[in-house]
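Please walk through the structure below step by step, explaining how its parts are arranged and which local features deserve attention.

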Amino acid sequence: MDIKDVKNDIIKFYNSNEYINLSSFYSYKSYFEILKVERNENTHSSFIAWLLNPNDNNGLGDFPLSRFLLLLCWAKTNLPCNKNSFFPE
């Protein structure tokens, strides 16, 4: 393999659909990155606790917690997950 082959492989890599899709996906910032707390475990834990607490003021009631528990049950029993029943419209 010579330098010309390496250059061609690099060009192919940068032009591949996989690289283009991944680079566009990772070019967007998440809310945690914008707030500069992407590496703060306490912030993530607090957000998950707020989301899953049916008594909190998130307006979602027990929906996130019940769906999360249902997902865990499906994963534990290896039953197929029916997307339509899991996320009703």
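Helix H4 has 12 residues, and from its first C-alpha to its last it reaches 16 Å, close to the 16 Å expected at 1.5 Å a residue. At the start of H4, a side-chain oxygen of Asn40 comes to within 3.1 Å of the backbone nitrogen of Asn42. These values, like those that follow, belong to a predicted model.

A similar check can be made on H5, whose 15 residues should span 21 Å at 1.5 Å a residue, and the end C-alpha atoms of H5 are indeed 21 Å apart, which agrees. Just after H5 comes Asn78, which takes a positive phi of about 60°. Most residues other than glycine have a negative phi, and with that in mind a second residue can be considered. Lys36, although it is not a glycine, also has a positive phi of about 60°. Lys36 sits in the loop between helix H3 (31-34) and H4, and because its relative accessible area is 65%, above the cut-off of 50%, Lys36 counts as exposed.

The loop on the other side of H4, between helix H4 (41-52) and helix H5 (63-77), holds Asn58. Is Asn58 buried or exposed? Its relative accessibility is 13%, which is under the 20% cut-off, and therefore Asn58 counts as buried. The side chain of Asn58 has polar atoms placed beside the backbone on two sides in sequence: one lies 3.3 Å from the backbone oxygen of Leu51, and a polar atom of the same side chain lies 2.9 Å from the backbone nitrogen of Leu60. When its neighbours within four places in sequence are left aside, Asn58 is in contact with Trp50, Leu51 and Asn53, so that Leu51 appears both among these contacts and as the residue whose backbone oxygen lies 3.3 Å from the Asn58 side chain.Towards the N terminus, the relation between two helices can be followed in the same stepwise way. Two packed helices are described by the angle between their axes and the distance between the axes. The axes of helix H1 (residues 3-15) and helix H2 (residues 17-26) come within 5 Å and cross at roughly 55°. Because of that angle, H1 is oblique to H2. Where the two helices meet, Phe13, Tyr14 and Asn15 are the residues on the H1 side, and Asn17, Tyr19 and Ile20 are those on the H2 side.

Aromatic residues take part in this meeting of H1 and H2, including Phe13, Tyr14 and Tyr19, and ring pairs link Phe13, Tyr14 and Tyr19 into a cluster. A pair of aromatic rings is described by the distance of the centres and the angle of the planes. The structure holds five aromatic pairs. One of them joins Phe13 and Tyr14, whose ring centres are 5.5 Å apart and whose planes stand at 65°, so this pair is edge-to-face. Phe13 counts as partly exposed because its relative accessibility is 47%, and Tyr14, at 44%, likewise counts as partly exposed. Phe25 and Tyr26 form another edge-to-face pair, with 4.9 Å from centre to centre and 85° between the planes; here Phe25 is exposed, and so is Tyr26.

Taken as a whole, the protein chain has six helices and zero strands, and its elements run α-α-α-α-α-α from the N terminus on. Of the 89 residues of the protein chain, 7% count as buried, and Asn58, at 13% relative accessibility, is a buried residue. Among contacts between residues at least 6 apart in sequence, 0% join residues at least 24 apart.

Technical notes. Residues numbered from 1 in each chain as written. Predicted model: local features only at pLDDT ≥ 70, side-chain atom pairs only at ≥ 80, totals over all residues. Heavy atoms only, no water. Helix = DSSP H or I, 4+ residues; strand = E, 2+ residues; numbered from the N terminus. Buried < 20%, exposed > 50% of the residue type's maximum accessible area, 1.4 Å probe, protein only. Polar contact = N/O pair within 3.5 Å; in protein donor to acceptor, adjacent residues only side chain to side chain. Contact = heavy atoms within 4.5 Å. Phe/Tyr/Trp six-rings, centres within 6.5 Å; stacked < 30°, edge-to-face > 60°. Expected span 1.5 Å × (residues − 1). Axes fitted to C-alpha atoms, helices over the stretch in contact; angles between N-to-C directions. Parallel < 35°, antiparallel > 145°, perpendicular 65-115°, else oblique.
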